[in-house]
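I opened this entry to look up the pockets and the ligand surroundings. My notes follow in the order in which I looked things up.

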Amino acid sequence: MSEVAANLTAVQAAIAQAATEAGRQPTDVTLIAVSKGHSADAVREAYAAGQRDFGENYVQEWQEKSAQLADLTDLRWHFLGHLQRNKIRFVIGKVALLHSADDMAGIDEMQRGAWSAGVKQDVLLQINLAEEEQKRGCGEDDAELFLDVLSRSPNLVLRGLMTLPPMDENPETTRQWFKRLRVLRDRLQARLRGRPGAPASLWLSMGMSSDYPVAIAEGATHVRVGTAIFGARAPKIR
Ligand SMILES: *Cc1c(COP(=O)(O)O)cnc(C)c1O
């Protein structure tokens with residue numbers, strides 16, 4: 001078994017255990033293998049081991065990799081990084097889920113791009129819970145406003161929330177942020193109730209290599225795991 005395949009097996013087992021301990025079904029959690037900084041061959045190894053959802057952060061790197069992997073037609077790409085407005089059109093309609101709807105101007109551009117491509121794009125609203133300056137996303141207090149703007153964007157389908165909480169080596173410290181995203185999700189869910197086309201349940205994309213079991217305990221439906229599957233990343237390929 002390759003190292004990537006062995007790592008994947010271990011991560012899947014940890015996901016199943018965390019879900020079961022939380023009284024959830026392991027199949028309720030989607031594992032996104034974050035392949036940024038790793039080669040198309042590494043993605044192929046994970047794919048051969050059964051992995052189908054992959055995450056990337058940088059447009060050019062993703063374009064090159066996805067072209068090399070075009071033969072894997074059931075591979076699902078997730079776009080995780082901030083999208084500069086002039087790059088949005090390269091991504092819209094080509095990824096299964098865009099995790100980084102993070103500002104009003106960007107959302108406007110995403111809507112326009114999806115409309116002109118004639119597609120409906122699934123998106124997650126990125127929330128900057130701690131309002132960190134170096135991070136993107138809307139603050140908790142603005143979430144309702146963003147929710148309403150997304151609801152009025154006919155070519156964008158809001159599927160849930162994503163967060164990248166403040167870094168901490170101790171996953172127990174990170175737990176509070178995961179909890180807060182879940183509480184916010186419940187609040188937004190209540191606001192959507194009864195609206196036509198409202199999703200039955202909003203997803204929660206939260207948890208990375210260092211803390212995904214804790215995120216699952218707090219309700220994550222999507223975990224984004226890179227290092228624990230592919231190993232340490234090479235410096236950014238841009
Ligand atoms: C890189 C990245 C990840 C994966 O991080 P690891 O610590 O390698 O698991 C998850 N989410 C986002 C948004 C990222 O940029």
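**Pockets and ligand site**

I began with the lining of the second largest pocket, which by class has nine nonpolar, three polar and two charged residues. The model is a predicted one. I then looked up the space in this second largest pocket and noted about 240 Å³. Its lining has 14 residues, and I wrote down Leu150, Ser151, Pro196, Gly197 and Ala198 as the closest to its centre. Helix H6 (143–151) and strand E6 (156–163) are the elements that give two or more residues to this lining. E6 gives the largest share, three residues.

Next I turned to the largest pocket. I noted about 860 Å³ of space in it. I found 35 residues in its lining, with Lys36, Asn57, Tyr58, Gly81 and Leu164 nearest the centre of the pocket. The elements that give two or more residues to the lining of this largest pocket are helix H3 (59–68) and strand E8 (222–225). By class I recorded twelve nonpolar, twelve polar and eleven charged residues in the lining of the largest pocket.

Where does the ligand sit? I found the ligand in the largest pocket.

I then listed the residues around the ligand. From the earlier part of the chain I have Val34, Lys36 and Asn57 among them. Met162, Leu164, Met208 and Ser209 are also around the ligand. The list ends with Arg224, Val225, Gly226, Thr227 and Arg233. I sorted this shell by class and got five nonpolar, four polar and three charged residues.

Which polar side-chain atoms lie by an oxygen atom of the ligand, and at what distance? For Lys36, I noted a polar side-chain atom 2.7 Å from a ligand oxygen atom. For Asn57, an N or O atom of the side chain is 2.7 Å from an oxygen atom of the ligand. For Arg233, I have a polar side-chain atom at 2.8 Å from an oxygen atom of the ligand. Last, I checked how far the ligand is covered: on its own it has 390 Å² of accessible area, and the protein covers 90% of that.

To cross-check, I put two lists together: Lys36, Asn57 and Leu164 are around the ligand, and these three are also among the residues nearest the centre of the largest pocket.

Note on methods. Residues numbered from 1 in each chain as written. Predicted model: local features only at pLDDT ≥ 70, side-chain atom pairs only at ≥ 80, totals over all residues. Heavy atoms only, no water. Near = heavy atom within 4 Å. Polar contact = N/O pair within 3.5 Å; in protein donor to acceptor, adjacent residues only side chain to side chain. Areas by Shrake-Rupley, 256 points an atom, 1.4 Å probe, with all protein chains shown as cover. 1 Å grid on protein atoms, 1.4 Å probe; cavity = no way out; pocket = protein on both sides within 12 Å on 5 of 7 lines; lining within 4 Å. Sits in = over half its atoms within 2 Å of the grid points. Nonpolar A, V, L, I, M, F, W, Y, C, P; charged D, E, K, R; others polar. Points joined across faces, edges and corners; volume = space filled by probe spheres on them. Helix = DSSP H or I, 4+ residues; strand = E, 2+ residues; numbered from the N terminus.
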